[in-house]
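Please keep the structure open in your viewer while following this tour, which moves from one selection to the next and says what is to be found at each stop.

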Amino acid sequence: MAGAVPHYVQWGLVSITVANLLVLGLMMVVFAAGVALRLPEHQATCGPRRGGGPGE
Amino acid sequence: MGHGEGEAQVSNLTGSLRRWLPSLVSAEDLLPEELPEYTRSYVYLFGALTLGSFVCLVASGLTLALFGPGWWHISAVGHFINSIHFWSVQCLFFFMVLHLWAQFSMAAWRGGRGPTWVVGALLFVSSIIAAFTGYLSQQNLDSQWIAVSGKDAMNAVGIGAFFNLLNFGQMYSIHIAVVPLVIGGLIGVHLILVRRRGLVPPLADDAVARGDGREG
Amino acid sequence: MKGELASDTRKPRMKPYDLVREALLALTAVAVLVVVLAAVFSSPDEPSLTIRAYAISSPLSFLQTVLGDLDGTGTIASYGAPYNNASGSVQAIGPFSAQRWAGVRIPVDTATDFVLRPLSVVAQVEPAVATALGQFEHAAPSEQAGWEAAYGKALDAAAKAGLPAPAPPAAGGPVGVLLPALLHVAQVGGLDGVLLASHRFYVTDYTHPLLFISGDALGAQAQRLHLLGNQWGMMNETGNYPGAVWLWLYTLWYQVPPFSTSPNGDLLIMTVMGILTVGFVLTPWIPGVNRLPRVLRLYRLIWRDWYRR
C-alpha cells in the first residue's frame, strides 16, 4: 500500500498531485495547439482525394 | 387505410410523427457533405473526440458489466478492461472541457443555439454524476472513502437517504443503467440540435458590426 | 446582439466535408489512446479496508470507536438525519435544513446494530460474553453510563502509555468484557459479515459496515493517501493517477474559510455550487457572462483565416 501515496506539489493554499498537474498542463497545451494549428487543407475532413477538390 | 396522402390525419399519431421528424432536422442537415470554410480549426474536433471517448466508455463498461462488478479485481484481462474504462473517463472529461472552452470562446449559443448550450451543460453535469457513481462502484478503498466522505454532502442537502452512496447496489445500477441512458439521450438531442442549427458563424468584425447597424 | 452573426454580412464558402469519416477517425484516435494508456499505466485498485484489518492494525482505535457507538458519543451515534434523531452532524443555513426536513430514513442505532446485536451472536457460544451482555442490558442507564465512562478512562490511559489496549482485567464492568470480545471477533473476521447481514439472504447495501469504518478507520487511510477534504482530496485518486480534475472548483471551497471551518461547510458549498451550476447552464442569458467571449477575443484566433479575408 506504500505505493498508493501520491507525489504532490504544494504551493500556498494549493496542493495538487503531480498526475493532476500533468493533466491540467496537457489540457492547456492541447487547447492552445488546437487554436494555433491549422487543419491540413484536404486531409482531415475530406479523406483521400479522388480527383476532386474544392471548386472542381 | 383508404385515405388519400393529402388528407391531414389529425388523429393519426404515426402520421404526425412521420411528418414531424423531418422538420426536426433534414437529412441534408443531419449528414452534410460540406461545411462553411470557417470551421477549419482543430477546436472543432474536440466534440467528436468527446463522443469517441463516450463510445469507448460504453464498450469497456458493457464488457465490465458482462462479467460483473467483482471481475476486474480477480482477472488480469478484467483489470485491463477496467484500465481502458478508467482512461476513457479521463479522455472524456479532457476533451469535453476543451470542447467547452472552445464553444464558450466562440459564444456558440448565438443564433438560437441557446438550447444546444443548455443540453451540453446538462451533459457535463450528468457526466459528473456518472463518474461519481462509477467511483462508488469500484468496490475498493477509493469507493469506501468516497462513499463515507461524500455522504455528508448528500445528507446536508437532504438527499442522502434517497441517493445513498453507501448502498452499492443502488450506486452500481444507477451507474450502469440509468446514467448511460440519460447521457445517451442527451447526446442525441445535442447532436440533433447542432446539426439542425448548423455550426455557429464567426462573431462579426467590430468594424462591420458598427457599420451595418443590423441586429444579429 | 448587434452584428452577431457574420453570415448576415458575408456568405461563407462551403468546403467538402466527411462527417462520418471524421467521427470514425476521432473514435479510432481515442480508442488507440485509451488502449495505450491502459497498457502502459494500468489503473489504481487499492484493496478495500476490512473491519478485520482495521481491528488487527489499530485495536485501540477500534475500541474507542465501538465505545463511541455504545455510549452515543461517536460520530455516527450522534450524527442525526438520516440515521437517527441526534444533531451532531446536521447542517443548516439559518432555519433552512433540508437534512432535518428529510428526516430519519435510514435508521441506524449504533449501540444495537454495531455492538450489542453482533455480541448477542457471540453470546450464544461464549458464556462470559453472555453473562456480561445480560448484566449490561438489564442495568439502569446510569449504571451503563458509569461503566462506559470507566472503560473510556482505561482506553485513554492505554493510549497515553502507548499500549494497544487496556490490560485485563479492564475497568468498566461488563463493558470491559464486551468490547474486547467484540475486538477479538473483529480480528478473526467475524464482524464484517455480521454487520452486512440482515434478515434477507441477498444484501447489496453496505450502509452498516461502511458507517462502522467511517471514522478513524477510513480517515487514517484517507489522510495517508491525500484524499481528505482539506488536502484537495476530492480531486485526487489513489496512487500516482489523475483523479477528478474537473472537480477543482468544488474541491477548492473546502480549503478556504468560512467553508473549511464551518460545521455547515458541506451545505454551504453545495449551495454555492448549485447556484454556479444553474448559472453555467444558463450562461447564454446571463448579462456580462455572455459578453466574456468578446472580451477574451480568443475567437479572433480561432477564426483568424475568416477575419483575414
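Two strands are said to pair here if DSSP finds at least two bridges between them. With that in mind, and remembering that the model is predicted, begin by selecting residues 34–36 of chain B and residues 14–16 of chain C: these are strand β1 of chain B and strand β1 of chain C, which run antiparallel and are joined by three bridges. Within this pairing, centre the view on L35(B), which stands opposite K15(C) in β1(C).

Next, widen the selection to the whole contact between chains B and C, to which chain C brings 81 residues and chain B brings 80 residues. On the side of chain C that touches chain B, helix α1, residues 19–41 of chain C, gives the most, with 13 residues. Colouring that side of chain C by residue class should show 51 nonpolar, 17 polar and 13 charged residues.

Now select helix α7 of chain B, residues 141–156, together with helix α13 of chain C, residues 265–281, whose axes come within 8 Å and cross at roughly 70 degrees. Angles of 65 to 115 degrees count as roughly perpendicular, so α7(B) is roughly perpendicular to α13(C). The crossing of these two helices, α7(B) and α13(C), is right-handed. To see which residues meet there, show the side chains of D152(B), A153(B) and A156(B) in α7(B), and those of D266(C), L267(C) and M270(C) in α13(C). The residues of this contact of α7(B) with α13(C) comprise four nonpolar and two charged, with no polar ones.

Before leaving chain B, display it on its own: its secondary structure comes to nine helices and one strand, and, followed from the N terminus on, its elements run α-α-β-α-α-α-α-α-α-α. Of the 216 residues in chain B, 45% are buried. If you draw the contacts in chain B between residues at least 6 apart in sequence, 74% of them join residues at least 24 apart.

Finally, turn to the contact between chains A and C, which takes 21 residues from chain A and 25 residues from chain C. On the side of chain A that touches chain C, the elements to highlight are β2 (14–17), α1 (18–36) and α2 (43–46) of chain A, each of which supplies at least two residues. Here α1(A) gives the most, with six residues. Which classes of residue make up this side of chain A? The residues of the side of chain A that touches chain C divide into 14 nonpolar and seven polar, with no charged residues.

Technical notes:
Residues numbered from 1 in each chain as written. Chains lettered and ligands numbered in written order. Axes fitted to C-alpha atoms, helices over the stretch in contact; angles between N-to-C directions. Helix = DSSP H or I, 4+ residues; strand = E, 2+ residues; numbered from the N terminus. Parallel < 35°, antiparallel > 145°, perpendicular 65-115°, else oblique. Left-handed = near helix turned anticlockwise from the far one by under 90°. Contact = placed C-beta atoms within 7 Å. Nonpolar A, V, L, I, M, F, W, Y, C, P; charged D, E, K, R; others polar. Buried ≥ 20, exposed ≤ 12 C-beta atoms within 10 Å, placed from the backbone.
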